[in-house]
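I opened this entry to look up how strands and helices are arranged. My notes follow in the order I checked things.

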Amino acid sequence: MKKLFITLFTIAVLFTGCAQKKIKNPMIAVFIPGIIADSPTYEKLANGVINGVTNYNIDKTDDKKALLSIMEVGTNQAEWAQKLTALAAERKYDVIISSNPSLPDLAFQVLEQFPDQKFIFLDATCEGNPNIMTKCYDQAQQGYVTGYIAGLMSKNHKVALISAQDYPVMNNIIFPFYKKGAQDAVAGTSVDYRVVGNWYDATKGAEITDAVCKTGVDVVLPICGGASQGVISSARNNKIKIAWFDSNGFSKAPEVIISSTQNLQEKLAEEVTIEWLEGKTPWGSAQTVGMKEGYIQFVNDDPFYLRNVPAKIREQMDTLVEKITSGELEIKL
Ligand code: RBF
């Protein structure tokens, strides 16, 4: 297993410096189910936990400082259960923090062998297990708002979502709400759905984008990790637009990106880390957070948004976001 004793120099120093006294030091492992590069949600997870640990440690003596290890386990999902089990088997981490809807099922397998292991999962839902606490983003809202702007910006009234793989949250929530958003924005908009087959293949991402372009699609939403690099290069070549998900993506390709919805995973990861370090984790709970709670945002102030999207459409988006945030508009199928 590849372990990243992550970038933060102070934490690395702490780790070696305190090895003798680990009984008193709270130990956190971050399990990255994939690779951090081009997966903003994972990058924000790692950064958020680092920030939480760093802030917590400021006024602690060495024997009380929290210690952190970050493991990036790669894209072979067949190995994840075994890697998570191996991590728990080390019996040194008081809590394992991760992010992705597939994690609770993997944790159940681990708990059969290591029933004391605690888990905190973001972007996942699991209620009622005393070893697990989850916080999930309202993907219906994120999907809907992204679909809405895609629909408004499509000149041909044809949009697409390019997904890395089929998974329940994608098939039952993100895609259906993206489609509904696009069609509520402009009735009759066609919404295509394509699958790359993994979270890294940029060549395949580009091929699929080329293919949907040929059918007249002129706005695409990539949710495919590293494969989104291929979606961007195809969009540039074919002069179509991209709606971005999970983070502010404008700077990645300002000439083709027309919108960004983002989750505030870095903030949430920092909060759950501190909460755990203070012994306040509500074990067994599963909370969903969205626009109202401030953990899903539609980026409406980026200079490239202002440049790429006409004022009338920006006004329509502001109205939509206001209605969702205030609770006036409940997003449902
Ligand atoms: N999102 C990523 O950005 N990168 C990944 O490598 C990644 N791998 C995933 C693997 C599985 C099995 C599942 C269910 C989801 C994965 N996601 C990944 C998607 C992520 O959880 C989330 O649904 C999307 O980022 C949209 O918010």
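I began with strands β7 (residues 158-163) and β9 (residues 219-223), which run parallel and are joined by five bridges. The model is predicted. For one residue pair I looked up the partner: Leu161 is bridged to Leu221 in β9.

Next I traced the sheet around this pair. What is the strand order of the open sheet? I read β8-β7-β9-β10-β11-β13, six strands with mixed pairing. Then I asked which strands stand at the edges. They are β8 (190-195) and β13 (296-298). Each has a single partner strand, so one side of each is left without a neighbour in the sheet. I also took the turn between neighbouring strands of this sheet: 20° on average, direction ignored.

Then I turned to the helices. I found helix α7 (residues 202-214) lying across β7, β8 and β9. Its direction is at about 155° to β8. Helix α8 (residues 228-238) lies across β7, β9 and β10 (241-244). I noted that α8 runs at about 150° to β10. Both β7 and β9 are thus on my list for α7 and again for α8.

Last, I went to Ile70. I placed Ile70 in strand β3, residues 67-72. Is Ile70 buried or exposed? Its relative accessible area is 0%, so I logged Ile70 as buried, the cut-off being under 20%. I also checked Ile70 against Ile97. The two are 27 residues apart in sequence. In space, I get 9.4 Å from C-alpha to C-alpha.

Technical notes:
Residues numbered from 1 in each chain as written. Predicted model: local features only at pLDDT ≥ 70, side-chain atom pairs only at ≥ 80, totals over all residues. Heavy atoms only, no water. Helix = DSSP H or I, 4+ residues; strand = E, 2+ residues; numbered from the N terminus. Buried < 20%, exposed > 50% of the residue type's maximum accessible area, 1.4 Å probe, protein only. Pairing = 2+ DSSP bridges. Axes fitted to C-alpha atoms, helices over the stretch in contact; angles between N-to-C directions. Contact = heavy atoms within 4.5 Å.
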